[in-house]
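Here are my notes after a pass through this one. Have the viewer open while you read.

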Amino acid sequence: MADKFDKIRNLFPVTKKFVYLNHAAVSPTPRPVAEALRQQVSEQLAYGGRAEDLWEKRAEQARRQAAKLLGAKPSEIAFVTNTTHGLNLVARGIQWKRGDNVVLPQVEFPANVYPWLSLQSKGVRIKFVPEKDGRIRLEDIERSIDRRTRLVAISFVEFLSGYRNDLKALATICHSKGVYLVVDGIQGIGALKLDVKKAGIDALSAGGHKWLLAPQGTGIFYCRPELLRQLEHPMPGWMSVVGWQNYYKFEYKLFDSCRRYESAQKNLLGLCGLLEALRLFNRLGIASIERRILALTDYLCEQLEAHGYRVFSPRGDREKSGIVSFYPKRRKAEAVWASLLKRGFVTSARKGRIRISPHFYNTFEEIDRLIHALSRGRS
Ligand SMILES: Cc1ncc(COP(=O)(O)O)c(C=O)c1O
């Protein structure tokens, strides 16, 4: 009997052309997202700004759906244009003192590096924690924290290794030392279950275009009220304030909620796409999506190893994710990537390895076909 994931596969026309295994890069658009975008463009054609209230309502629905997915309150969510945007809200919002420092893994994607590196001009030091065997060890992070550390910035899931950081354990360590935990969530949100409250995260930012299957230029930012109250607003605007509808009286009173970060016009078109994507996730249930993705990647690793490939990604129960990186046996990763693409398999080549990142609509049969293509390509 077909399960719910087989049934929704037809929402992904990309499957007709490709075996798409690259959701850690840029994801294909599901049909309901594309239809929502089309619908909103039609409304813009027909009604111009007269339909704006409707689009704003959709944005608020998206906020509620995002809050539900993360276990947060809608007031704790702001829409951002990408992961970097949200991380900068924290990086530019903290009142730094010379000699403060930020702890982050050495293997972070640059999006979670430059917002912090840019603080060097304010006398803030960056302390990089090395990776060991594809893992970031809690004790290494703990050892790096000193009395001048203000925050730890880390990915939920590391983009190269796919290592899933234990955010709850990290938050406990951070909070016991009076340090904030700030998370780049883009490689985990949409693939793995995360309750930001239960984990104790202070802030999280995730762009929409990877595992969330939403348009590029959309993203969600969560901030714990206790941190929000401490942050300066780095880029306030006319829509950041409580009385923004009054154009003639100026009173600088920021919204108490994260809405303060939506400083001016929003990407309402992108957000209507994000809404449909979030609805899909909440309808399918993130726990069962996680089970599906982990079952697919477990199977992939088993097959890779059975065929003599060395898997780089840590695959213990609490450390695995939707990202699997492995070493080709004979040819260079770029050559393997190109030959897979020629055969219709979309993957990534990263640091001498092939990175595979399936989503819930991929199938076990597609994994078999990938393994077959690898063997045929003498990879
Ligand atoms: C861990 C990680 N963070 C962030 C990004 C992207 O950042 P942004 O959403 O700011 O473009 C990527 C990949 O593009 C990534 O792998």
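**Notes on the model**

1. Ligand shell first. Keep in mind that this is a predicted model. By class, the residues around the ligand come out as four nonpolar, seven polar and one charged. The shell is made up of N82, T83, T84, F109, A111, N112, S155, F159, D184, I186, Q187 and G207.

2. Next, helix α8, which spans residues 167-176 and has L167, L170, A171 and C174 as its buried residues. Why do they end up on the same side of α8? They cover an arc of only 100 degrees around the axis, so they share that side.

3. What do the buried residues of α8 pack against? Their partners are two helices, α7 (138-144) and α9 (196-199), plus two strands, β5 (149-155) and β6 (180-184). After α8 comes G178, with a positive phi near 70 degrees.

4. For a contrast, go to D6, in helix α1 (residues 4-7). D6 is exposed, because just 11 other C-beta atoms lie within 10 Å, and the cut-off for exposed is 12 or fewer. From D6 to G178 it is 172 residues in sequence and 47 Å in space, C-alpha to C-alpha.

5. On the overall layout, the domain assignment splits the chain into domain 1 (4-21 + 286-376) and domain 2 (38-283). Their C-alpha centres are 28 Å apart.

6. Where the domains meet, 19 residues of domain 1 contact 17 residues of domain 2. On the domain 1 side, α12 (286-306) and β10 (324-327) each supply at least two residues, with α12 giving the most, five residues. That side divides into eight nonpolar, five polar and six charged residues.

Methods:
Residues numbered from 1 in each chain as written. Predicted model: local features only at pLDDT ≥ 70, side-chain atom pairs only at ≥ 80, totals over all residues. Buried ≥ 20, exposed ≤ 12 C-beta atoms within 10 Å, placed from the backbone. Helix = DSSP H or I, 4+ residues; strand = E, 2+ residues; numbered from the N terminus. Arc of directions from axis to C-beta. Contact = placed C-beta atoms within 7 Å. Near = placed C-beta within 6 Å. Nonpolar A, V, L, I, M, F, W, Y, C, P; charged D, E, K, R; others polar. Domains from an automatic or database assignment.
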